[in-house]
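Reader: I'd like to learn how to read a helix that sits against the rest of a protein. Can you walk me through it?

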Amino acid sequence: MGQTFTTEIQARYRDINLAGHVDNVEAVRVLDEARYEFLRFARLPGLPEGATGLLHGTDAGVSELVASQTIEYHAEMRFVPYQPFLASLWVSRVGRSSFTVAAELRVEMGGGPAAVWECVNVLWDHHAQSAWTISDAVRADLEHYLGEPVGFRR
């Protein structure tokens, strides 16, 4: 397995519902924020000066669009003031113009995943208005974090 990117996302009061736990929709927001950090700031060896993240090598006008998301909740996520959520992310598949980001979200260090998630991202060329074929360089960067798909309970 390649590397795993880990980040902390601070819980907010708006994330909780009247029962005091994190709303299921807000859990997806937390994971999407972690995905953004992963794609923009994950460390890679030998990056050129000023380049950051897994998508630094895409052409100008290319961005990632979310094509689908799958999530399973494994434990209640209670809001604890000043305790961030811990997200671990990796790439579980690289296709021709899309790739899948996998993640585990934990409420506390050392705890089991409260949620597991996969998000299919399509690289979109806004100039051509079509999917952008992943270059060999971008593929190599994504594969630096390549690992197994999430083990959903289905």
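Reader: Which strands do the buried residues of α2 pack against?

Author: This is a predicted model, and in it the buried residues of α2 pack against β3 (85-94), β4 (98-106) and β5 (115-125).

Reader: OK, and which residues of helix α2 are buried?

Author: Start with the general idea: an α-helix has 3.6 residues a turn, so residues three or four places apart point the same way. Here, helix α2 covers residues 136-143, and its buried residues are Val138, Asp141 and Leu142. They lie on the same side of α2, because they cover an arc of only 100° around the axis.

Reader: Which residues have the most contacts inside the largest nonpolar core?

Author: Those are Phe38, Leu54, Leu89 and Leu142, in a core of 37 residues. At least two residues of this core come from each of β1 (5-9), α1 (24-41), β3, β4, β5 and α2. The biggest giver is α1, with 6 residues.

Reader: What does Leucine 89 touch?

Author: Leaving out residues up to four places away in sequence, Leucine 89 touches a list that includes Phe5, Ala34, Phe38, Val101 and Trp117. Apart from the big core there's another one, of 5 residues, with Trp90, Ala102, Val150 and Phe152 among them.

Reader: Where is confidence lowest, and where is it highest?

Author: As a rule, where pLDDT is low, the predicted coordinates shouldn't be read in detail. In this protein chain the average is 92, and 99% of the residues score at least 70. Confidence is lowest in α1, at a mean of 94, and highest in β5, at 98.

Conventions: Residues are numbered from 1 along each chain as its sequence is written. This is a predicted model: local features need pLDDT of at least 70, side-chain atom pairs count only at pLDDT 80 or more; totals for chains, interfaces and linings use all residues. Side-chain values use heavy atoms; hydrogens and water are left out. Buried means under 20% relative accessible area, exposed over 50%, partly exposed in between (1.4 Å probe, protein chains only). Helices (H or I, at least four residues) and strands (E, at least two) are DSSP runs, numbered from the N terminus. The arc is that of the directions from the helix axis to the C-beta atoms. Contact means heavy atoms within 4.5 Å. A nonpolar core is a set of buried Ala, Val, Leu, Ile, Met, Phe, Trp, Tyr and Cys residues joined through side-chain atoms within 4.5 Å. pLDDT is the predictor's confidence in each residue, from 0 to 100.
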